[in-house]
Amino acid sequence: MTSTRICAARVAAASVAAALVLVGCSSGSDAKKTSDAVPVPKGFDVPAGVKLTPGGTKLTEDQPASVIYQVGDRAASAVTVTVAQVKKGSMDDFRFFSLDAETKKATPFYVTVKVRNEGPAGLGGAALPIYAHDDSNTNIPANDIVGTFKPCPTSTLPKSFLPGSSAELCLVYLVPRGRALVSVDLQTGSTKDAITWQP
């Protein structure tokens, strides 16, 4: 079996990309308000039948949330996200990875997420800004894994993810030793406006 590894540089790049998305979605001057006070970027029309979820909403597994997601300078689209399962993994799953001593002491979590693109834009290949939030009040980005990882194989949306498409993702988080997972956070705005799922 060919060894695979977690590429720290790609993880950092993904974190930066997510940060850019957050800035792009939280502009006060370019936002308007919907009837239930959820910010909407200027010029964006919420698709019919979609009710946006207010920031700060707390959910449990299998409860959906609908938000506006924008990837960099690309067009924005409404997505409905559901955290379907949060599963504690084993570091034995990473026995073929090249990890430093501290990472080997972490606790892995595999988070299954269901996503539906409500439109109007395509979001092919995008990584969603979903974080593991631990009891030290730290947001941990999903690990970008190079190669095939059978316990949790799919971390990004399909290359073609047009309006009306649905996908199921599995995200890998390594929570440092001595910390506990508190929630899974979808953060398309400020930290305080994150939508959280409590496992």
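Is histidine 133 buried or exposed, and what is its relative accessible area?

## Histidine 133 and its surroundings

In this predicted model, histidine 133 has a relative accessible area of 13%, and because buried means under 20% relative accessible area, the residue counts as buried. Its place in the secondary structure is strand β8, which covers residues 130-134.

When residues up to four places away in sequence are left out, histidine 133 touches Thr138 and Asn139, and also Ala180, Leu181, Val182, Ser183 and Asp185.

## Strand β6 and its two partners

Strand β6, formed by residues 77-88, is mostly covered, since nine of its 12 residues are buried. It runs antiparallel to strand β5 (residues 64-69), to which six bridges join it, and within this pairing serine 77 of β6 stands opposite tyrosine 69.

Strand β6 is also joined to strand β7 (residues 107-119), again in antiparallel fashion, and here the number of bridges is 10. One of the residue pairs between these strands consists of alanine 78 and its bridge partner in β7, glycine 119.

## Lysine 58 in strand β4

Lysine 58 belongs to strand β4, which spans residues 58-60. Its relative accessibility is 59%, and because the exposed class begins over 50%, lysine 58 counts as exposed.

Along the chain, lysine 58 and tryptophan 197 are 139 residues apart, whereas in the predicted coordinates their C-alpha atoms are separated by 6.0 Å.

Definitions and conventions. Residues are numbered from 1 along each chain as its sequence is written. This is a predicted model: local features need pLDDT of at least 70, side-chain atom pairs count only at pLDDT 80 or more; totals for chains, interfaces and linings use all residues. Side-chain values use heavy atoms; hydrogens and water are left out. Helices (H or I, at least four residues) and strands (E, at least two) are DSSP runs, numbered from the N terminus. Buried means under 20% relative accessible area, exposed over 50%, partly exposed in between (1.4 Å probe, protein chains only). Contact means heavy atoms within 4.5 Å. Two strands pair if DSSP finds at least two bridges between them.
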